[in-house]
Each structure stands twice: as C-alpha cells, then as structure tokens.
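Colleague: I would like to go through the ligand site and the pockets with you. Please show me the model before we start.

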Amino acid sequence: MEYFIDSASIEEIKEADSLGVLDGVTTNPSLIAKSGRPFNEVAKEICRWVKGPVSLEVIGTTATEMLREAKELRKYGDNVVVKIPMMSEGLKAVKILAAEGIPTNVTLIFQPVQALLAAKAGATYVSPFIGRIDDLGQDGLAMVADIIQIFGQYSFKTKVLAASIRHPIHVLECAKMGVDVVTLPVKIVHQLTRHPLTDSGLKTFLDDWKKVKA
Ligand code: E4P
C-alpha cells in the first residue's frame, strides 16, 4: 500500500518524508486555503520537493474549463495528477485527459457506482471519502470494500486512493482490503506509530537501564 500525505503544508510533507512515508501528496482547495498562501506558490513548492504523484485540483465545473486548467496544472511538473470532481463534466474531461496520457484523480466519490464510472472513463485514481461517509452514520469502509470488489471483477487498472481518513483503524482496514493508496494527514501518521504498551514498555526499559552498573 502506498502512503500519500493529504496536505498543502510543506512542513507537514517534509515531516512525513523524514518518517519514510511519502509516496505522494494530495491537496484540495480547502487545504490550499488552510495554508494561507497563494496557490501558485504552494503548488510550485510541493511539486519541486515531492518526487511522487501530486494531486492538484481543478476549480472549473465544465469539461472545457477543467481541460484548460489541467494544462496549467501540468506546468508545475510531470508528476502532477489532475484532480477532478466526480460529475458528468468531470468524466468528459477525464476521458480526454486519459487519451492524452495525463493522469487524473477523480475525487469526492461517495458511492461505488461513481468509482465504476470514473474507472471506465480512464481515471488513474479514484478517491472515496471514508470519513465523510462515517460522519453521516454510514459505513465508509464498506463503500471502499465494494469498490475493491468491483474493480477486481473487471480488472480495471484504476487505483483506489482511500481519502478522508480519520483514524488508524481506517488505515488498517484499507490495508487488509488491498487498497492501493491511503492519503493521510500527518497527524494520523504519528498516531500509527503509537501504542500504550510501546510507551510503557519503553519506560520500563529506560528505568531498568538506570539500574545497570556502568
Ligand atoms: C482527499 O484527496 C481529500 O483531500 C481529503 O482526504 C478529504 O478529507 P476530509 O474529509 O478530512 O476533508
């Protein structure tokens, strides 16, 4: 399973890299706004720093606008994946970009048939949002399991990029299902390193070490 970092903060991206978990980056307009910096600056910096795929999202809502933006976004680097919202106009853009060999990430997937359509249009990645489904009192992981099953049955090359990850159990269940990529806030990466028995075990080792004669 690959680990992408879901962030527009270069500090967080560097932090994840120092922990050995930086296969790529996903951003979205909300994360860019949270960075408090101009999009151009942020995109340039991330694409210069990250070797793996970097998803940058279009803002347009027609295929024509999305295709125009895709060309601009790809100027930031060959590793740019054009992130496109799940909608009919988005699928039109994905189909054209796929024919041109430009990678896409279809975002805001909330049901398996949306993922199926995106894959059929030629998306490189589909991004089902697990946490936001859970927030509705529904089962985000079940949606991902359905997508994995469908893609396996029809041998789609499209990768499943699990998004809106809120806690380590989401990561565990994605790994068990064979999800291709999880995109994580760096906070979750730190949570994945922890266990109370690891902390208490280390404390015991260090306390006992003090008793060892020099
Ligand atoms: C993925 O590409 C999205 O940027 C992200 O995972 C959304 O997560 P959220 O639901 O925590 O905003």
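Modeller: Some vocabulary before the shell: Asp, Glu, Lys and Arg count as charged, and Ala and Phe are among the nonpolar residues. This is a predicted model.

Colleague: How do the residues of the shell around the ligand divide by class?

Modeller: The shell has 2 nonpolar, 3 polar and 4 charged residues. Its members are D6, T26, N28, K83, F129, R132, A163, S164 and R166.

Colleague: What makes those residues the surroundings of the ligand?

Modeller: The cut-off is a heavy atom within 4 Å. D6, F129 and R166 are among the residues that surround the ligand.

Colleague: Why is the pair between D6 and the ligand called a polar contact?

Modeller: An N or O atom in the D6 side chain is 2.7 Å from an oxygen atom of the ligand. The limit is 3.5 Å for a pair of N or O atoms, so the pair qualifies. A polar side-chain atom of N28 also lies 2.7 Å from a ligand oxygen. For K83, an N or O atom of the side chain is 2.6 Å from an oxygen atom of the ligand. Both of these pairs therefore pass by the 3.5 Å limit too.

Colleague: How much of the ligand does the protein bury?

Modeller: The protein buries 84% of the 340 Å² that the ligand exposes when taken alone.

Colleague: Which pocket does the ligand take?

Modeller: The ligand takes the space of the largest pocket. The test is that more than half of its atoms lie within 2 Å of the grid points.

Colleague: What is the volume of the largest pocket, and what lines it?

Modeller: The largest pocket holds about 410 Å³ of space. It has 25 lining residues, and D6, N28, L31, K34 and P185 are the closest to its centre. Helices α2 (29-35) and α10 (186-192) are the elements that give two or more residues to this lining. The largest share, 4 residues, is from α2. By class, the lining has 8 nonpolar, 10 polar and 7 charged residues.

Colleague: What lines the second largest pocket?

Modeller: Its volume is about 150 Å³. The lining includes T27, N28, P29, I32, F39 and Y76. Here α2 and α4 (63-73) each supply at least two residues. The most, 3 residues, come from α4.

Colleague: How does that lining divide by class?

Modeller: The second largest pocket is lined by 7 nonpolar, 2 polar and 3 charged residues.

How values were computed. Residues are numbered from 1 along each chain as its sequence is written. This is a predicted model: local features need pLDDT of at least 70, side-chain atom pairs count only at pLDDT 80 or more; totals for chains, interfaces and linings use all residues. Side-chain values use heavy atoms; hydrogens and water are left out. A polar contact is a pair of N or O atoms within 3.5 Å; within protein, one must be able to donate a hydrogen and the other to accept it, and residues adjacent in sequence count only if both atoms are side-chain atoms. Accessible areas come from the Shrake-Rupley method with a 1.4 Å probe; for residues, only the protein chains shown count as cover. On a 1 Å grid over the protein atoms alone, a cavity is a set of points where a 1.4 Å probe fits but cannot get out, and a pocket is an open set with protein on both sides within 12 Å along at least five of seven lines; lining residues have an atom within 4 Å of a point. Grid points are joined across faces, edges and corners, and a volume is the space filled by probe spheres set on the points.
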